[in-house]
Amino acid sequence: MSTHNVWTHKGTFLLAAVGSAVGLGNLWRFPYLTGENGGGAFILVYALTIFAVGIPILIAETMLGRNSRQSPIMGMRYLTRTHNTSRAWESIGWLGAASAFLILSFYSVIAGWAIHYTWQMLTGSLSGADAETIGAGFDALLASPALLTLYHTLFIIASGLIVAMGIHRGIESGLRIMMPALFVILLLVLGYGVANGDFGAAARFLFTFNIADLSLEGWLAAMGQSFFTLSLGMGAIMAYGAYMSSEASLTRTAVAVAFVDTAVAMVAGLAIFSLVFGAGLSPGQGPGLMFVTLPMAFAEMPLGALIGGVFFILVLGAAISSSISLIEPVAAFLVERFDLTRPQAVTTMVVASWALGLLTVVSFNIYAEGTIFHALFGRSAFDFIELLTNIFMPLGGLLIALFAGWALTHAEVMKEMRTSETWFSIWRFLVRFVAPAAVAFVFLRSIPQIEGYLIPTIGALVIVGAFAAGRTFLIDHSQEQ
Ligand code: PHE
C-alpha cells in the first residue's frame, strides 16, 4: 500500500515520536494547566501517569502500529481479525481519529498565536515594552476573530502541505536541528528567569506536592495532559509506529521519548514561573500564560527581539512537527480505505478540522460566554473540546493497553520487544492491570466534578460508541474476510 513504507533510518521513529510529543503541550499547555491547577499536586499526578501509565502505553501503541503496519483504524481492523477478537476493538482507531480531529482544531488556533508573536518579535514592536503593554497586546490579539482565523488558517495549511508531501522530506532533517535549538533557547530563557525572576518561588510552586490542592477535575486534567503531551491514545504514535523499522528497540525508544518530553516541559515550566513570580503575575491566568510572560523577558533581554523571534519560530517548528502527527493517522486511513490520493485525504481532514477550529477562535472573543456550550457544559467551546480530549485520550490509551496486554500473544510481544522475560512481565503487568486501573481511578474520581457535564459528555461518547458499534456489528463483513 502506498502509505506503508518504512522510515529511512532506524532512528527516525524516535525523531518523529519526539517531534510529535514535544510541542505546544510542553511549552504552552503544561505551564498553563499547572498554573491553573495549583502547581505541585498537578505535576505529581501528571508525572506518575507519565511513568506508570504513559511509557507502557507508548510501548503498546507503537507495537500495535508496527505489528499491523497500517493506519490506526485499518490496523486495528486487521489485528481484530488476525487475533479473533471482537471488532469492537476497532473503536480504538475511531476514537483516535475523533481525538485527532478535535485536537488539531484548537492546536492550530493556538499555534497561530506563535505566528503572531514571531512577527511581533522580529519587527521589534515589543522591545522595551512593559508587562501591561504586553498583556494588552495579547488581549487585543484574542479579541480579533479575523486575526485569529488568519493565523489558524496559515498554520493548518502549512501542516497540511507537509503531510501531503509525505513525511520523509524536510521533516527529518528539520527536526534534527530544530529540537536541540529549541532546548538551548529554552535554557537561555531559564537562565534569564533565574537571574531576573523568582526561581525559588517557581521551584516551590512546581515541586511542593500537596495533593489536597488538586480539584477533582484537576485530576482529570493532569491525566489528560500526560496523554496529550506524549501524543498517546489517539493513533499518532500508532501511525508512526507503522513506519518504524523492525530493528529499533521499543522500550528504549519509549523511555527516551518520555524523558525528553518531560525535560522540555519542566524547563519550560521553571522558566515561565520564574518570570511569573518575579513580575508578580498570577500563575492561574490561563491559556495566555506563555504568550504573555515570555515576551516580557524578551522585551528586556539584550538582543531580545532576535532571541524571541528565533524562540517563537522554534515553537512553531515544534508545533508543526506535532500537528503533522495529528493529520497523519486520519489521512493514512482515508488513503487506505477510500483510495484517496494523499493530498485529497489531507485536504479532507484539514478542512474539517479548520472549520471546527473556528469554534475555538470565537471562544476567546464573541462567544467567550453565553453560548449553548456555556448553557450545557458551563464552559466555552474551546474548554469543552479540551475536556473531551481529556476523556478521549486516556480512554483510547486504556483500550490500547487492554488490547495489547490481553489480545497479543507472548510470542508476538517478544518479537516486537525483544527483551528479557522480566521486562516483558513487568510491561505486561503494567498494561494489563496498572494502566487500566489508574485510568479508571482518575475517571471515577473526577466524575463528581464533571457530573454537571456528565450527561452531555456521555451523550457524546454514546454517539461515538454507537458509530463504532454500528460499524462493528451492523455492517456485513463476511465478504471482506
Ligand atoms: N504531544 C503534542 C504536544 O505536546 C500534542 C499532540 C497530541 C500531538 C496528540 C499528537 C497527538 O504538543
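This short talk covers two helices, one internal cavity and one open pocket of the structure shown above. Please keep in mind throughout that this is a predicted model.

Let me begin with helix H4, residues 72–82, where eight of the eleven residues are buried, so that this helix is largely enclosed by the rest of the structure. The buried residues are Pro72, Ile73, Met74, Gly75, Met76, Arg77, Leu79 and Thr80, and after the helix comes Asn84, which has a positive phi, near 50°. One neighbour of H4 is H14, and the axes of these two helices cross at roughly 65° and come within 7 Å. On the H4 side the contact is made by Pro72, Ile73, Met74 and Arg77, which meet Pro329, Phe333, Glu336 and Arg337 of H14. Sorted by class, that contact between H4 and H14 consists of five nonpolar and three charged residues, with no polar ones.

Turning to helix H9, residues 199–207, we find Ala201, Ala202, Phe205 and Leu206 buried. Why do they lie on the same side of H9? Because they cover an arc of only 125° around the axis, they are placed on the same side of the helix. As for what they face, the buried residues of H9 pack against helix H2 (24–36), helix H3 (40–68) and helix H12 (250–278).

I come now to the empty space inside the model, where three cavities of 30 Å³ or more are counted. The largest cavity has a volume of about 110 Å³, and of the 13 residues in its lining, Ser20, Tyr107, Phe228, Ser231 and Ser322 are the closest to its centre. Helices H1 (12–21), H5 (91–122), H10 (216–229) and H14 (304–338) each supply at least two residues of this lining, and H14 gives the most, with three. In character, the lining of the largest cavity is made up of seven nonpolar and six polar residues, and no charged residue is found in it.

Finally, the largest pocket holds about 340 Å³ of space; it is lined by 17 residues, of which Leu33, Glu36, Glu217, Arg379 and Glu386 are the closest to its centre. At least two lining residues come from each of H2, H10 and helix H17 (381–407), and H17 provides the largest share, five residues. Whereas the lining of the largest cavity has no charged residues, that of the largest pocket has six, together with seven nonpolar and four polar residues.

Terms used: Residues numbered from 1 in each chain as written. Predicted model: local features only at pLDDT ≥ 70, side-chain atom pairs only at ≥ 80, totals over all residues. Heavy atoms only, no water. 1 Å grid on protein atoms, 1.4 Å probe; cavity = no way out; pocket = protein on both sides within 12 Å on 5 of 7 lines; lining within 4 Å. Points joined across faces, edges and corners; volume = space filled by probe spheres on them. Helix = DSSP H or I, 4+ residues; strand = E, 2+ residues; numbered from the N terminus. Nonpolar A, V, L, I, M, F, W, Y, C, P; charged D, E, K, R; others polar. Buried < 20%, exposed > 50% of the residue type's maximum accessible area, 1.4 Å probe, protein only. Arc of directions from axis to C-beta. Contact = heavy atoms within 4.5 Å. Axes fitted to C-alpha atoms, helices over the stretch in contact; angles between N-to-C directions.
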